[in-house]
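Colleague: Got a minute? I'd like a quick tour of this fold before I get back to the bench.

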Amino acid sequence: HGGSPKQAARLKKLQEQEKQQKVEFRKRMEKEVSDFIQDSGQIKKKFQPMNKIERSILHDVVEVAGLTSFSFGEDDECRYVMIFKKEFAPSDEELDSYRRGEEWDPQKAEEKRRLKELAQRQEEEAARQGPVVVSPASDYKDKYSHLIGKGAAKDAAHMLQANKTYGCGEAAVGAGRAGQRSTGWGEGREAEAQGS
């Protein structure tokens, strides 16, 4: 449909400008990405929020450069891109924390993972001793009473029982603390710190 030649010319000019802007934006991103690659101290980089077109240009530049990139942020206006060197591509946990808008702290994650493993190990232990725990009067107590005294054996049986009933991590961590002490003083202390 018609529209005056003047309008058409203006539109063409706008399109030209837009194209030019994209080209310049791409060049700028290519420079940033190549600086990032050359900086061995950097394993990831967070970019300013961008619009959809800019993000797609950046994702493309990153892909060509052989890196990994992700967009984060709810709102289209404030979504931003993070890029990672391939060998440091983020784990699901790491991505989740960015999605929640949190900083990623590998140390915290490591601690969480260790606690989870500990709790899991204990659940497995409890499961393995399953039938015994149900009747703590029998050999469970006899098995351990010489090690830990009659009363403690009963408590331990209750503890495991409670764990199984509620499947609750807290109790499992609690139960683990005593066990962990024997693995070396430092770790035991750490476990206590986490428990508090």
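**Fold tour**

Modeller: Sure. Bear in mind that this is a predicted model. One number to start: in the protein chain, residues 24 or more positions apart make up 50% of the contacts with a separation of 6 or more.

Colleague: OK. How many helices and strands in the protein chain?

Modeller: Nine helices and three strands.

Colleague: And in what order do the elements run from the N terminus?

Modeller: The order is α-β-α-β-β-α-α-α-α-α-α-α.

Colleague: Now the sheet. What is the strand order?

Modeller: The order is 1-3-2, in an open sheet with antiparallel pairing. Strand 1 (44-49) and strand 2 (68-72) are the edge strands, and each pairs on one side only. On average, neighbouring strands are turned by 20 degrees against each other, direction ignored.

Colleague: Over how many bridges do strand 2 and strand 3 pair?

Modeller: Five, in the antiparallel sense. Strand 3 covers residues 80-84.

Colleague: Which residue is the bridge partner of Ser71?

Modeller: Val81, in strand 3.

Colleague: Which strands does helix 2 lie across?

Modeller: Strand 1, strand 2 and strand 3. Helix 2 spans residues 52-64 and runs at about 160 degrees to strand 2.

Colleague: Switching to the surface. What area does the protein chain expose?

Modeller: About 13700 Å². Carbon and sulfur atoms supply 53% of that area.

Colleague: And what share of the residues counts as buried?

Modeller: 27% of the 196 residues in the protein chain.

How values were computed:
Residues numbered from 1 in each chain as written. Predicted model: local features only at pLDDT ≥ 70, side-chain atom pairs only at ≥ 80, totals over all residues. Heavy atoms only, no water. Helix = DSSP H or I, 4+ residues; strand = E, 2+ residues; numbered from the N terminus. Buried < 20%, exposed > 50% of the residue type's maximum accessible area, 1.4 Å probe, protein only. Contact = heavy atoms within 4.5 Å. Areas by Shrake-Rupley, 256 points an atom, 1.4 Å probe, with all protein chains shown as cover. Pairing = 2+ DSSP bridges. Axes fitted to C-alpha atoms, helices over the stretch in contact; angles between N-to-C directions.
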